[in-house]
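The following exchange examines how several descriptive terms are justified for one structure.

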Amino acid sequence: MHLTVEEALSIYPLSEARLIAGSKGKHRIVKSINVMDAPDISDWIKEGEMLLTTAYLIKDSPDEASALLQTLNRRGSAGLGIKLGRFWDAVPQPLIAEAEELNFPLIELPFQFTFSDQMNGLFRAELSRSTSVLQRMMEKQRELMRFALRSARSRPLLESVAEVIGYPLAVISTRGTLLFNSSGYSGEELLEGWPWQQRSQRVRLGGGTAYRMPLLQAGKCLGYLQYCDIDPLLLSVEESLFVQGAELIAYHIHAGLEDYYEQAGHREFSGLLRRYLNDDLRYTELAQAALRLNIPLLEAPYQLVLTDVGAAGEARQGELLRLKEEYSAHPGLNGLEAIHFLMDEGLLSLYPAASCSPGEFRDMINECFAGLNFNKGYYPRAAVSNVKGKPEGLKEAFAEVKECMGMARHWGAHGHVVHYRQVELELLLNRIPAEAMERYCSGSLRGLLGREPEYVKEMLHTLEVYLENDGHVNETAKKLYIHRNTATYRIEKLSELLDVDFKKINDLMKLKLVFLFRSMLERE
């Protein structure tokens, strides 16, 4: 039984009774009913138990009556009902005053009804209430199941779960970031006591009660779900409904079927952006949505980042979501207010053109990679597009990161974060047949390649370092650990052997192509 004293007094025949003291305690929970038939009954009273008596054992002793009241209050009793007409015609005024001071419900029971009448009335009402709750819970469980099996959903999952279960909810990431909140509580209130233990429990929230539980999938904690403003008299069947809702949310987060690491407007725009890049939406519709959702990302210079890992299936989805959360938590990237969403190609991120240099931007992404523990034989890669100034360049940027990612996977060059600018020329030259590249290299280096192998190797290395340092002899000598005069002699000798003038841009560019072709041929 889980009724308040106030609710119990509304149920016939207890509704014929009268609350004569302790009205401020009328919200005490009645968990059970007992009848006073032994002198030491107060020693057996349990928390939440309401005691009914004829006052026989206390009729001649005001002190014993007061002591009983004190003990019942101390043990958390729900209240005391006294049946008048047999031993007392009226409840003594000092006892009423004491109950009022303790805020302990003191009830005057009607003479014409037996204790069993009153108890049966409460039990029937509780049975009816429990049956009604059970039927409601079963219907909600069916609705959750129907929603989970629906192939095409018109509404976001979290809003729908909150509506079906009937309580507002909040979702918190494993880093303590508030990801979703349909309650009226602030982030500070919802995160009180962070970090939390990975167990389900009722907690105090503001002036009410909440039910908090970890979102677990495949043995991993994906975050926490908190149902807010729940009924303090929550039944176990309702807790099972909470578990079902949490399992549904955890599954969709783990499988990557829903995006919860963005604001609601970003989630909606992400879905539209995904459709646009898959040629399932016109650009005019995307632009209208951006205007409606107040997302200005495409109105200013922007760039795309594509991230992927070597894992497959659910493991890949889980790792990409970890990266998404890491991007959102990085102090340098977080302020850029990017939009992240999952596609078949990987995690796609739309960033405004950063105020930092491309190198600094790559470093921040590498820091995110380093912040996660990838110990399963694979490591993430990211491809960064060129900055685009017009919204129509979105598909071009998408093509760039896909092409760039393909090259990075195939050649394994340029580190874990590759900017399209780094490989743009290589991607263009990659269309040249390998035979043509080999002929070009042989023809350009003909005057040198006929010498002894060790000499050729040393001179080619000198030439490569010289070109990498933009023709600066001093830098070349430092990199090669040789004297400046030695470096000057070698460069002059190379000019003679290859018949080139290092002061001419065309000659420098031809030799630069030689080393680019050689690198591409070696990778092949």
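Q: What makes helix 17 and helix 18 oblique to each other?
A: In this predicted model, the axes of helix 17 and helix 18 come within 9 Å and cross at roughly 130°. Axes are lines fitted to C-alpha atoms, for helices over the stretch in contact, with angles from 0 to 180 degrees between N-to-C directions. Angles under 35 degrees count as roughly parallel, over 145 as roughly antiparallel, 65 to 115 as roughly perpendicular and the rest as oblique; the two helices are therefore oblique.

Q: Which residues of helix 17 and helix 18 meet?
A: His 461, Thr 462, Val 465 and Tyr 466 in helix 17 meet Val 473, Thr 476, Lys 479 and Leu 480 in helix 18, where contact means heavy atoms within 4.5 Å.

Q: Why do the buried residues of helix 18 line one face of the helix?
A: Helix 18 spans residues 473-480, with Val 473, Thr 476, Ala 477 and Leu 480 buried (under 20% relative accessible area, against over 50% for exposed and partly exposed in between; 1.4 Å probe, protein chains only). Seen down the helix axis, they fall within an arc of 100°, so they line one face; the arc is that of the directions from the axis to the C-beta atoms.

Q: What do the buried residues of helix 18 pack against?
A: They pack against helix 17 (453-468) and helix 19 (484-498).

Residues are numbered from 1 along each chain as its sequence is written. Local features need pLDDT of at least 70, side-chain atom pairs count only at pLDDT 80 or more, totals for chains, interfaces and linings use all residues, and side-chain values use heavy atoms, leaving out hydrogens and water.

Conventions: Helices (H or I, at least four residues) and strands (E, at least two) are DSSP runs, numbered from the N terminus.
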